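User: Please pick one part of this model and take me through it closely. I want names, distances and surroundings, in short sentences.

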Amino acid sequence: MDEHEETLDQSPNDLFLTAVIFESALGLLALLLGWALGPDPRAMIPEGGFENLRTIGSGLAYGCAAAVPMLLVIALIRKIPWEPVRELERLSDDGMIRTLLSLGRAELVVISLCAGVGEELLFRGWLLPWLAHIGGADASPSPVEWGAALIGSSIAFGMVHPITRLYVVLAAAMGLYFGALLLWTDNLLIPIAAHAAYDAVQLLSPGFKRSESDDANEA
């Protein structure tokens, strides 16, 4: 076993803890950046309280529903006979991905929730409005500035998912979608729920565990 393989040789519990800490750290980074530079990433999250339960509930429900189009698009892309797509299909053979997919359903859901909250707080809650306000001080950004910020934050989102070239492009496209949801609804709970729901369905999908089960049958 070479040195690179050893870095990937984590137990499922270690990988679960690493993923939760990493995704949670992104959310904490967003809060820190909002405190130091502004704007506050919590500004577009409905405040808690009984009077806002309906707003919170509808935001979570709309977010889960908003994950459906993404899941359908990805399902169609996976049917394309193209090598970059096949490369994505083979990701389940990667050692770290295999370990991740060996986790229980509850653990995968927790990771999905942490990713939805942490990444959306950072990229849509903080980065998108921060980019929109660059050079504008306290002035309200124009539609062009919001559009540029949407594109910039989405590219950044894609670049932090450098698994394959196609994965970067797909992640950036999803960033555009999540950002558009935020700008359309002014409710960060919707992209948070959409992101978490999408990740959970993908991780729990039998298709993602197909390679693992096939290898077990061959053994």
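Analyst: Start at Phe178. Its relative accessibility is 1%, so Phe178 counts as buried; the cut-off for that label is under 20%. Keep in mind that this is a predicted model.

Phe178 belongs to a ring cluster. Ring pairs join Phe123, Phe157, Tyr177 and Phe178. Across the whole structure, a search turns up four aromatic pairs. One of them is Phe123 with Phe157. Their ring centres are 5.3 Å apart and their planes meet at 75°, which makes the pair edge-to-face. The angle puts it in that class because edge-to-face begins over 60 degrees. This pair ties together distant parts of the chain. Phe123 sits in helix H6 (residues 105-133), while Phe157 sits in helix H7 (residues 143-159). The two are 34 residues apart. Phe123 and Phe157 are both buried.

Tyr177 and Phe178 make another pair. Here the centres lie 6.3 Å apart and the planes stand at 50°, so this pair is tilted. An angle that is neither under 30 nor over 60 degrees gets that label. What is the burial state of Tyr177? Its relative accessible area is 26%, so Tyr177 is partly exposed. Phe178, at 1%, is buried.

The cluster also has a charged neighbour. Arg124 lies over the face of Phe157, at 4.3 Å from the ring centre.

H7 brings another residue to look at. Ser154 lies in this helix. Its relative accessibility is 2%, so Ser154 is buried too. Ser154 and Met174 are 20 residues apart in sequence, yet their C-alpha atoms are 7.7 Å apart in space.

Met174 leads to the nonpolar core. The largest such core holds 17 residues. Which members touch the most others? They are Met70, Ile74, Leu170, Met174, Phe178, Leu181 and Tyr198. So Phe178 has a place both in the ring cluster and in this core. H3, H4, H8 and H9 each give the core at least two residues. H3 supplies the largest share, with six.

Now turn to the open space. The largest pocket holds about 1,400 Å³. Its lining counts 44 residues, and those nearest the centre are Ile97, Leu100, His161, Ile163 and Tyr167. Several helices contribute two or more lining residues: H2 (12-37), H3 (53-77), H4 (83-89), H5 (95-101), H6, H8 (165-185) and H9 (189-204). By class, the lining has 30 nonpolar, eight polar and six charged residues.

H6, which carries Phe123, also holds Ile111. At 8% relative accessibility, Ile111 is buried. Ile111 and Ala196 are 85 residues apart in sequence, but 8.6 Å apart in space, C-alpha to C-alpha.

Finally, the frame around these details. The protein chain has ten helices and zero strands. Of its 219 residues, 39% are buried. Phe178, Ser154 and Ile111 are among the buried ones.

How values were computed: Residues numbered from 1 in each chain as written. Predicted model: local features only at pLDDT ≥ 70, side-chain atom pairs only at ≥ 80, totals over all residues. Heavy atoms only, no water. Phe/Tyr/Trp six-rings, centres within 6.5 Å; stacked < 30°, edge-to-face > 60°. Helix = DSSP H or I, 4+ residues; strand = E, 2+ residues; numbered from the N terminus. Buried < 20%, exposed > 50% of the residue type's maximum accessible area, 1.4 Å probe, protein only. Lys NZ or Arg CZ within 6 Å of the ring centre and 35° of its normal. 1 Å grid on protein atoms, 1.4 Å probe; cavity = no way out; pocket = protein on both sides within 12 Å on 5 of 7 lines; lining within 4 Å. Points joined across faces, edges and corners; volume = space filled by probe spheres on them. Nonpolar A, V, L, I, M, F, W, Y, C, P; charged D, E, K, R; others polar. Core = buried A, V, L, I, M, F, W, Y, C linked by side-chain atoms within 4.5 Å.
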